[in-house]
Number of protein chains: 2
Amino acid sequence: MDTPDTWEELLTSDRPLLDRASTAERVADVLRRRLLEGDLPPGTRLSEENAGRALAVSRNTLREAFRLLVHERLLVHEFHRGVFVRVLSVTDVVDLYRIRRLLECGAVRAAQQVPRSRVEAVERAVEEGERSAAQHSWREVGTANMRFHQALAALAGSPRVDETMRQLLAELRLAFHAMPRMREFHQPYLARNREIAELVARGEYAAAGDRLDEYLDVAEQQLLAEH
Amino acid sequence: MDTPDTWEELLTSDRPLLDRASTAERVADVLRRRLLEGDLPPGTRLSEENAGRALAVSRNTLREAFRLLVHERLLVHEFHRGVFVRVLSVTDVVDLYRIRRLLECGAVRAAQQVPRSRVEAVERAVEEGERSAAQHSWREVGTANMRFHQALAALAGSPRVDETMRQLLAELRLAFHAMPRMREFHQPYLARNREIAELVARGEYAAAGDRLDEYLDVAEQQLLAEH
DNA sequence: ACGAGTGAATTGTTGAACAATCCTGCCACG
DNA sequence: CGTGGCAGGATTGTTCAACAATTCACTCGT
């Protein structure tokens, strides 16, 4: 399913790139990037007037964009009060990890006859993380780490799992930005990533799933320790 | 976690009932109900003008409601062409069942120390289905069946899994409406439901997960057989 | 039968207007 | 000192009207 049988499937998969036109979606893209980069810290209030003026779009269009991001849970909307950058509570983080366990470990354990390209994606993410670590660019290590987990979930071969995972990791980023030292957080996971990747490559999915479970337990604890 | 420790948590959980105010959301509620009842068959085009006139809301508000439903995947939005009731393709259904397997089976297998109330919810759904079947109200059997699976996923104790599941089942309803004979479709599953529920009640989660896996395989095949 | 072109219909987006609601600061009162 | 109204301003919710951009259906000529 990674290598489409017909050229039509290939083009169909490119369709979203075409109608990338709606202003509201482009506005949402811009805001999403800012949100994920951490430029808009959680709790920030986004006034319709100011944001509209800054982006030179009408209030109505802006509201459409807000709706999109609210539905992605990057913003929260309080009636008659406005939209705010979401602040994740402790229970939110716990919940995120709970569903991650379900999706990631489930995808890994249920894996069988995964196309080579998917396994390669996992390995590539690991290498990218190690390379970035060698260059001490910890921000890149973070994104590589996310790509690693995205690739693990992608073993399920389900577009919907992919999207859920993408959204989920985006939310987690909101929590990560609250963490002062990126390095100490991400580095210890590099070795684990490689271990899991090799288990996957060897087809030992059950073992990989177990390791991943441990991984998530540790990561969750560490994230929660930061309050 | 079912019985909140503090009364504040209890009230917090009631908060969504309060700000039930936005017109756009109420419009979305109305449309959603129609969609799920099957009154608006897949492929139907919803013109902004007509829908707006029918519901007596402005075009802008209606568009906000549309955005919501598009994000829930009940409607699809084609740029400059309008919104349509989604028609599920075969690959969509396959994908839905793939993620159902992950969530439901994962929730069941990973279950441990689930509060009694959650197990009771599962049993209640089973009984409701059997009662409805005895009265030959097949529509009710269908909704009871959905509630059963919702209750299974709820064993994970994750609000987010609950919501994903809700949305997922809503989508599947779009496919169900295409099926002519509700009775033949749902009835054979009643026995399976009871079997799974009893395994869950006895704490034999692994066995329950296996049965559920079979269940989903059969159901998927049958749904796909209808084209 | 086929392609180009024209015009009506629909959506995309904006701006302005008004109602409803929230927030702030002020003041009186116990 | 704390509490409880009570304006007033600011922001959001919603509607309306207008215009630009695009699609669709139809006609026409070849």
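How do the residues of the surface near DNA strand D divide into nonpolar, polar and charged? The views below come from a predicted model, and the legend for strand D holds the answer.

**View 1. The surface near DNA strand D draws on both protein chains.** Here we look at the 17 residues around DNA strand D. Those that come nearest are A:Gly82 from chain A, joined by B:Thr23, B:Ser58, B:Asn60 and B:Thr61 from chain B. Chain A contributes α3 (48-55) as an element that gives two or more residues, and chain B contributes α2 (23-37) and α4 in the same way. To answer the opening question, the division is 3 nonpolar, 10 polar and 4 charged residues.

**View 2. Turning to DNA strand C, we find 16 residues surrounding it.** The closest of them are A:Thr23, A:Ser58, A:Asn60 and A:Thr61, along with B:Gly82. At least two residues each are supplied by α2 (23-37) and α4 (59-71) of chain A, and by α3 (48-55) of chain B. By class, this surface has 3 nonpolar, 10 polar and 3 charged residues.

**View 3. Chains A and B superpose with an RMSD of 0.0 Å.** Laying chain B on chain A takes a turn of 180° and a shift of 0.0 Å along the axis. The two copies are therefore related as by a two-fold rotation axis. Both copies use the same surface for their contact, since 100% of the contact residues of chain B recur in chain A.

**View 4. The contact between the chains takes 23 residues from chain A and 23 residues from chain B.** On the side of chain B that touches chain A, the elements giving two or more residues are α4 (59-71), α5 (90-109) and α8 (159-176) of chain B. Which of these gives the largest share? That is α5(B), with 7 residues. The make-up of this side of chain B is 10 nonpolar, 6 polar and 7 charged residues.

**View 5. Chain A is assigned two stretches, domain 1 (7-85) and domain 2 (90-226).** The centres of domain 1 of chain A and domain 2 of chain A, taken over C-alpha atoms, are separated by 26 Å. Each side of their contact is made of 6 residues: 6 from domain 1 of chain A and 6 from domain 2 of chain A. On the side of domain 1 of chain A that touches domain 2 of chain A, there are 3 nonpolar, 1 polar and 2 charged residues.

**View 6. Residues 21-88 of chain A carry a record in UniProt.** The unreviewed entry lists this span as "domain: HTH gntR-type". Across residues 21-88 of chain A, the end C-alpha atoms lie 31 Å apart. The span is 53% helix and 15% strand.

**View 7. In chain A, 3 strands make an open sheet with the order β1-β3-β2.** The pairing in this sheet is antiparallel. At its edges are β1 (45-46) and β2 (75-78) of chain A, each of which pairs on one side only. Between β1(A) and strand β3 (residues 82-85) of chain A, which run antiparallel, there are 2 bridges. If you follow this pair, you will find A:Leu46 opposite A:Val83 in β3(A).

**View 8. Chain B also has an open sheet of 3 strands, in the order β1-β3-β2 with antiparallel pairing.** Its edge strands are β1 (45-46) and β2 of chain B; each has a single partner strand, so one side of each is left without a neighbour in the sheet.

**View 9. Strands β2 (residues 75-78) and β3 (residues 82-85) of chain B form an antiparallel pair over 4 bridges.** Two partnerships are handy for finding your way along this pair. B:Val76 has B:Phe84 in β3(B) as its bridge partner, while B:Glu78 is partnered by B:Gly82 in β3(B). How many residues lie between the strands of the hairpin of β2(B) and β3(B)? There are 3 residues between them, and in this hairpin B:His80 takes a positive phi near 65°. B:Gly82 also belongs to the picture in View 2, where B:Gly82 is among the closest residues to DNA strand C.

Conventions. Residues numbered from 1 in each chain as written. Chains lettered and ligands numbered in written order. Predicted model: local features only at pLDDT ≥ 70, side-chain atom pairs only at ≥ 80, totals over all residues. Near = placed C-beta within 6 Å. Nonpolar A, V, L, I, M, F, W, Y, C, P; charged D, E, K, R; others polar. Least-squares fit on C-alpha atoms with pLDDT ≥ 70 in both. Contact = placed C-beta atoms within 7 Å. Pairing = 2+ DSSP bridges. UniProt positions renumbered as here; feature names shortened; annotations may be inferred. Domains from an automatic or database assignment.
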